[in-house]
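Q: I am new to this structure, so please choose a single part and take me through it closely. Explain each term as it comes up.

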Amino acid sequence: MKKRRRRVRKSAIFVIVVLLLIIALLISMIAKKISDKQVSEPKQEKITETKKENKKEETNLPKVKKIDQSGDPYENTVTVSDLDSIYVLVNKYSGLPADYEPSDLVQVPSSGENENVRMRKEAAEAFEKLIEAASNEGFILNACSAYRSYAYQTDLFNNGAASYGEEYADRYWTRPGYSEHQSGLAVDIRMDNDCSDLDVVRYNSHYDWLLENMHTYGFILRYPDDKEDKTKIAPESWHLRYVGVDLATYLYKNNLALDEYYGA
């Protein structure tokens with residue numbers, strides 16, 4: 001009788017131990033699921049947050065009317081209507097009125113070659129911030145040319161055509177009315193006061209920094225090496241264009257020329 005009771009007691013203890021093990025295992029599995037959920041939730045939150053940031057970035061982009069750039073340059077051109085906008089497209093398909101001169105031109109620091117370097121106020125203020133950032137990075141950034149009048153561009157183009165032929169002039173210059181310089185939003189730069197040649201900036205040790213950071217100040221490289229088929233202008237390492245931080249950042253991140261933003 002006593003032996004039987006011992007066997008029953010041992011069986012009960014065994015059952016209890018098994019039940020405790022099962023309960024422990026279930027608790028462990030539940031805890032793991034909770035832990036996994038807690039780990040995955042921040043990731044989902046991060047993805048959602050990234051989507052919101054991208055949506056916000058796209059919301060801040062200017063809405064522009066697409067321009068047909070499929071034909072030959074200077075054929076079926078349009079005239080810029082929103083002259084106060086900093087986003088205007090000025091190229092061989094979209095030109096400025098001959099009598100246009102920005103009303104808010106202000107002086108900007110120059111390299112010494114040309115004392116009368118002017119840009120639109122917003123662009124000039126952004127460029128001065130870029131100059132300061134360059135100084136902190138260890139190099140000198142200056143403007144050697146910015147706003148140019150319709151008359152000035154006429155002389156520039158005609159002289160180029162007379163010296164090198166119209167086909168050459170059309171590749172390296174723009175005809176009067178179709179130059180970004182007339183908008184007051186473009187600037188040709190010098191680095192470390194090297195005036196030996198405009199294209200010398202691309203060989204400056206800080207040029208890569210400029211290319212990677214100027215969008216945070218609202219500037220883009222207007223005529224990149226790989227975009228001549230879109231811009232219809234030969235690469236210009238020295239020609240920057242102000243379009244504001246939001247659009248500059250979007251174009252930089254997506255490797256787009258301004259012409260492409262307008263449908264080229």
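A: A residue is called buried when its relative accessible area is under 20%, exposed when that area is over 50%, and partly exposed in between, as found with a 1.4 Å probe on protein chains only. The model is a predicted one, in which local features need pLDDT of at least 70 and side-chain atom pairs count only at pLDDT 80 or more, while totals for chains, interfaces and linings use all residues. Residues are numbered from 1 along each chain as its sequence is written, and side-chain values use heavy atoms, with hydrogens and water left out.

The part chosen here is an open sheet in which 4 strands follow the order S5-S6-S8-S7 with antiparallel pairing. Strands, like helices, are DSSP runs numbered from the N terminus, a strand (E) having at least two residues and a helix (H or I) at least four; two strands pair if DSSP finds at least two bridges between them. Strand S5 (141–145) and strand S7 (219–223) are the edges, and because each has a single partner strand, one side of each is left without a neighbour in the sheet. On average, and with direction ignored, neighbouring strands are turned by 50° against each other. Axes for such angles are lines fitted to C-alpha atoms, for helices over the stretch in contact, and the angles run from 0 to 180 degrees between N-to-C directions.

Between S5 and strand S6 (residues 186–191) there are 4 bridges in the antiparallel sense, and Ser145 stands opposite Asp188 in S6. Helix H2 (residues 121–137) packs on this sheet, touching S5, S6, S7 and S8, and its direction makes about 140° with that of S5; contact here means heavy atoms within 4.5 Å.

Strand S8 (236–242) also takes part in a salt bridge, a term for a side-chain nitrogen of Lys or Arg within 4 Å of a carboxyl oxygen of Asp or Glu. The side chain of Arg241 meets that of Glu180 at 2.7 Å, N to O. Arg241 belongs to strand S8, whereas Glu180 is in the loop between helix H4 (166–172) and S6, so this pair links distant parts of the chain, 61 residues apart. Arg241 and Glu180 are both buried.

Another salt bridge joins Glu260 to Lys227, with the closest N and O atoms 2.9 Å apart. Glu260 lies in helix H8 (residues 258–261) and Lys227 in the loop between S7 and H6, so the pair ties together parts that are 33 residues apart in sequence. Glu260 and Lys227 are likewise buried. Finally, salt bridges with shared partners join Glu180, Arg222, Arg241 and Asp259 into one network.
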